[in-house]
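I wanted to practise reading a structure by looking things up one at a time. These are my notes, in the order I made them.

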Amino acid sequence: MKIINSGDLIYLPSHFILTKVNDDGTVREYCELKEPYVAVVLRKFQTHSDLFYRGSVWTAPNDMLLGYAVKGEKYVSYVN
């Protein structure tokens with residue numbers, strides 16, 4: 001599987017939980033998705049990435065992210 005980088009599209013399944021964190025790393029807000037969504041990776045860090053979801057920046061752990069496929073690549077879905 002391809003390594004996910006900034007600018008990539010990410011598939012977020014329903015019930016996926018996104019968070020917003022304080023400077024000390026504690027969660028200040030969270031969002032559980034009610035339906036699948038495709039988001040954009042803004043910044044990738046060692047353990048997590050910042051994603052653009054519905055007008056604001058949210059955080060998700062890298063080990064839970066799945067890339068959104070471009071035709072011919074092995075990812076979650078295909079773009080026609």
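Below are my entries on strands, rings, charges and surface.

**Entry 1: what I'm looking at**
I reminded myself that this is a predicted model.

**Entry 2: E2 and E3**
I started with strand E2, residues 17-21, and strand E3, residues 27-32. I found that E2 and E3 pair in the antiparallel sense, over five bridges. I picked Lys-20 and looked up its bridge partner in E3, which is Glu-29. The two strands make a hairpin with five residues between them. I also checked the turn, where Gly-25 has a positive phi of about 95°.

**Entry 3: E4, E5 and E6**
Next I went to E4 and E5, which pair in the antiparallel sense over four bridges. A hairpin of three residues joins E4 to E5. I noted that Val-41 stands opposite Leu-51 in E5.
Then I followed the chain on to strand E6, residues 56-61. E5 pairs with E6 too, again in the antiparallel sense, over six bridges. Here I wrote down His-48, which stands opposite Pro-61 in E6. The E5 and E6 hairpin has two residues between the strands, and Arg-54 in the turn has a positive phi of about 50°.

**Entry 4: rings**
How many aromatic pairs does the structure hold? I found one. The partners are Tyr-37 and Tyr-53, edge-to-face, at 4.7 Å centre to centre with 80° between the planes. This pair links distant parts of the chain, since Tyr-37 is in strand E4 and Tyr-53 is in strand E5, 16 residues apart.
Is Tyr-53 buried or exposed? Tyr-53 counts as buried because its relative accessibility is 9%, and the cut-off for buried is under 20%. Tyr-37 has a relative accessible area of 25%, so I put it down as partly exposed.
I came back to Lys-20 here, as it lies over the face of Trp-58, at 4.6 Å from the ring centre.

**Entry 5: salt bridges**
I looked for salt bridges and the structure holds two.
One is between the side chains of Arg-54 and Glu-35, at 3.5 Å, N to O. It links distant parts of the chain: Arg-54 is in the loop between E5 and E6, Glu-35 is in the loop between E3 and E4, and they are 19 residues apart. So the Arg-54 I met in the turn is also in a salt bridge, and it is exposed because its relative accessible area is 54%. Glu-35, at 46%, counts as partly exposed.
Another salt bridge joins the side chains of Arg-43 and Asp-50, at 2.8 Å, N to O. Is Asp-50 buried or exposed? I got 8% relative accessibility, so Asp-50 counts as buried. Arg-43 is partly exposed, with 42%.

**Entry 6: a nonpolar patch**
Last, I checked the surface. Which residues form a nonpolar patch there? My list is Ile-17, Val-21, Val-27 and Tyr-30, with about 390 Å² of accessible area together. Strands E2 and E3 each give two or more residues to the patch, so I was back at the hairpin from Entry 2. Tyr-30 is in strand E3. Tyr-30 is exposed because its relative accessible area is 59%, and exposed means over 50%.

Terms used:
Residues are numbered from 1 along each chain as its sequence is written. This is a predicted model: local features need pLDDT of at least 70, side-chain atom pairs count only at pLDDT 80 or more; totals for chains, interfaces and linings use all residues. Side-chain values use heavy atoms; hydrogens and water are left out. Patches are made of residues with over 30% relative accessible area and no salt bridge: like charges are joined within 9 Å, nonpolar side chains (Val, Leu, Ile, Met, Phe, Trp, Tyr) within 5 Å. Accessible areas come from the Shrake-Rupley method with a 1.4 Å probe; for residues, only the protein chains shown count as cover. A salt bridge is a side-chain nitrogen of Lys or Arg within 4 Å of a carboxyl oxygen of Asp or Glu. Buried means under 20% relative accessible area, exposed over 50%, partly exposed in between (1.4 Å probe, protein chains only). Two strands pair if DSSP finds at least two bridges between them. Rings of Phe, Tyr and Trp (its six-membered ring) pair if their centres lie within 6.5 Å; planes under 30 degrees apart count as stacked, over 60 as edge-to-face and the rest as tilted. A charge sits over a ring if NZ of Lys or CZ of Arg is within 6 Å of the ring centre and within 35 degrees of the ring normal.
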